[in-house]
Each structure stands twice: as structure tokens, then as C-alpha cells.
Amino acid sequence: MASSSLAGKVRKQPISDMAAFRTVFQKSKHVVALTGAGISAESGIPTFRGAGGLWRKYNAQDLATPGAFLANPSLVWEFYSYRRDLVLSKKPNPAHHALAKAEAQLATEGRRLVVITQNIDELHRDAGTKNLLELHGTLFRTRCTKCGDIAENRASPICPALAGKGAPDPEVPDARIPEQDLPRCVKCAGLLRPHVVWFGESLDPDVLMAAQQELDQCDLCLVIGTSSVVYPAAMFAPAVADRGVPVAEFNIESTPGTENFGFHFEGFCGSTLPKALGV
């Protein structure tokens, strides 16, 4: 009985055969790449998850909520000002570039590659990806809490009061910036907030629908730099795998979903992904 159970487990294990993956990839017509914080960590962007995931003394997930913004917009804006300035100093890495190059190459062959990302850093855009769905929005758009206007904003600092603020050192005191000095809407002077999806908020239904359509049509799914534990993104790859579509995971370590996927390539995405995609 024990040997039968062990055999079942062996059959479940994903393979790390690059040649076998390349064969599947070369036959695919519609590829969806799901990316998460791990791909951008290789560009020097903190994941704010797990050990060392604090900003000052705060758990980042406790700041990324509507309630936190309502209670202390100055603190939340300090956090996001820090993240914006940090990202503006970073560049896409080989994994970002590999996806952009593969998208362009597949397009010349009448094939499609689309990136669905949980990241808000726009590094996929910077690398040249065109078919991009940003599930959680972007650091570089704001939304007015009064009139709802959404605008692109890459200013650094985003407002004078945030100049030099946002240092992550736990010894740095909170700036306690008066609300009237925080980023304001140019149309109605209302208080701006980052146009990102916070914990406790729903994804944009149009973006979610577009992502689902891509996933429903794909014949190969790549899971890159994400542990796939945040919903609804956590449902995406397992649902694809349940349809019998090949799923390949690229991550620095195994994840809770690894055993459900056909391929698993352990290591830095910047090393494994260009090789896998042949770019």
C-alpha cells in the first residue's frame, strides 16, 4: 500500500526538463504569463512579504488598506512615496526582457503571449511588453477620492511635502503631513490616493474579465516569481492546469501550487526564463 501511495506522489511531481518544456513552448499558440513580486525582486524591489517585510515598524500589508489610508493618509503616502522613488531608480531585469522579446517574436509568427501581473511597478512596460494586464494597478497612477479622476503621475516627489520623506529606517519618525499638503487633484483639489488595489478591495472587473478571457484561451501558462497565494490570482494557474493545459512554474523555490503543475524550474527567473523562452 505504501509503495502504491509513493508511486502516486512521484507521478505528481513536476519535471525540470528544459528540452521538454521548449517542445511544448514551440507548439503553443497562446501563452499566458502570470508574474508576481519575485520577478521584480531580481531588480532590487522589496517584496514586503515574509522575513524582513516591514517598512519602518509597520507590516506593509497593514498600510495597503482603505482603512489605513482613512486613518492616516500621511503615513500611507510616505510608504507609497518611498516605493515610487525606489521603483523609479530600478530597471527591468533579464526575465522582464525575456517576456517582452518572446511576445514580439511570437507576434511575428501569428502567436500570442500576454503578461498578467500582480506587480504595480511597471517594469514589464519599461521592458517593452505590450500585451499587459496589471491586476493591482500601478504606482504611477493616482485616483481622486472626491471626483474619482484617474491620472498618470510619475513626479518625484509627488508633492513638495513628501520631498525627502518615506525613509524605511524604523528610527525615522512619521512625518505627520497635514492632509491639505498631501497630493491633491488638479481638477477638484480632492485628496489623491494611489490607484492600486488594496487589501479588502476588489479588482477592476474589466481587468479581471480580460485576464479570465486570456486564461480561458491559453494553451500554455507560465507562473513566474509568484507563490500564487493571493486571491483571485491564486485560482488562475490551478484552473488552467485542471483543463489539462501545461503550466510551467519559474521560482526560486517550490510553492504550495508546485505539485499541481507540469513543469517547475527552480532558480532566479532572470537565469531560467530567457533559456526557457529561447531569447
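In this predicted model, helix α2 (residues 18–27) packs with helix α11 (residues 269–277) at an angle of about 55°, and the axes of the two helices are 9 Å apart. Angles from 65 to 115 degrees would count as roughly perpendicular and those under 35 degrees as roughly parallel; α2 and α11 are therefore oblique to each other. On the α2 side, the meeting residues are Met18, Phe21, Arg22 and Phe25, and on the α11 side they are Thr272, Lys275, Ala276 and Leu277. Sorted by character, the residues of this contact comprise five nonpolar, one polar and two charged. A look at the numbering in α2 is helpful here. An α-helix has 3.6 residues a turn, so residues three or four places apart point the same way.

Helix α11 deserves a closer look in its own right. Seven of its nine residues are buried, so α11 is largely enclosed by the rest of the structure. The buried residues are Cys269, Gly270, Thr272, Leu273, Pro274, Ala276 and Leu277. Their packing partners include α2 and α7, together with the strands β9 (220–224), β10 (247–251) and β11 (263–266). Just after α11 comes Gly278, which has a positive phi, near 70°.

The end of α2 also leads to Arg111. This residue sits in the loop between α7 (94–108) and β4 (112–117). Is Arg111 buried or exposed? Buried means under 20% relative accessible area, and Arg111 has 13% relative accessibility, so Arg111 counts as buried. Its side chain comes to 2.5 Å from the backbone oxygen of Phe25. Phe25 is also one of the α2 residues that meet α11. Beyond four places in sequence, Arg111 touches Phe25, Gln26, Lys27, Ser28, Lys29 and Leu106.

Attention now turns to the positions annotated in UniProt. An unreviewed UniProt entry places the feature "active site" at His136. In the model, His136 is found in the loop between β5 (132–134) and β6 (137–144). With a relative accessibility of 17%, His136 counts as buried. What does the side chain of His136 approach? One of its polar atoms lies 3.1 Å from the backbone oxygen of Gln118. Gln118 also appears among the residues that His136 touches, along with Thr117, Ile120, His195, Val196, Val197 and Leu203, when residues up to four places away in sequence are set aside.

The unreviewed entry in UniProt also lists a "binding site", made up of Cys144, Cys147, Cys185 and Cys188. These four cysteines are spread over 45 residues of sequence, yet they cluster in space, with a largest C-alpha distance of 8.5 Å. Two of them, Cys185 and Cys188, can be followed in more detail. Cys185 belongs to the loop between β7 (150–152) and β8 (192–196), and Cys188 is likewise placed in the loop between β7 and β8.

Which of these two cysteines is buried, and which is partly exposed? Cys185 is buried, with a relative accessible area of 7%, whereas Cys188, at 25% relative accessibility, counts as partly exposed. Leaving out neighbours up to four places away in sequence, Cys185 touches Cys144, Cys147, Asp149, Gly190 and Leu192. With sequence neighbours within four places again left aside, Cys188 is in contact with Cys144, Lys146 and Cys147. Cys144 and Cys147 thus appear in the contacts of Cys185 and in those of Cys188.

Definitions and conventions. Residues numbered from 1 in each chain as written. Predicted model: local features only at pLDDT ≥ 70, side-chain atom pairs only at ≥ 80, totals over all residues. Heavy atoms only, no water. Helix = DSSP H or I, 4+ residues; strand = E, 2+ residues; numbered from the N terminus. Buried < 20%, exposed > 50% of the residue type's maximum accessible area, 1.4 Å probe, protein only. Polar contact = N/O pair within 3.5 Å; in protein donor to acceptor, adjacent residues only side chain to side chain. Contact = heavy atoms within 4.5 Å. UniProt positions renumbered as here; feature names shortened; annotations may be inferred. Axes fitted to C-alpha atoms, helices over the stretch in contact; angles between N-to-C directions. Parallel < 35°, antiparallel > 145°, perpendicular 65-115°, else oblique. Nonpolar A, V, L, I, M, F, W, Y, C, P; charged D, E, K, R; others polar.
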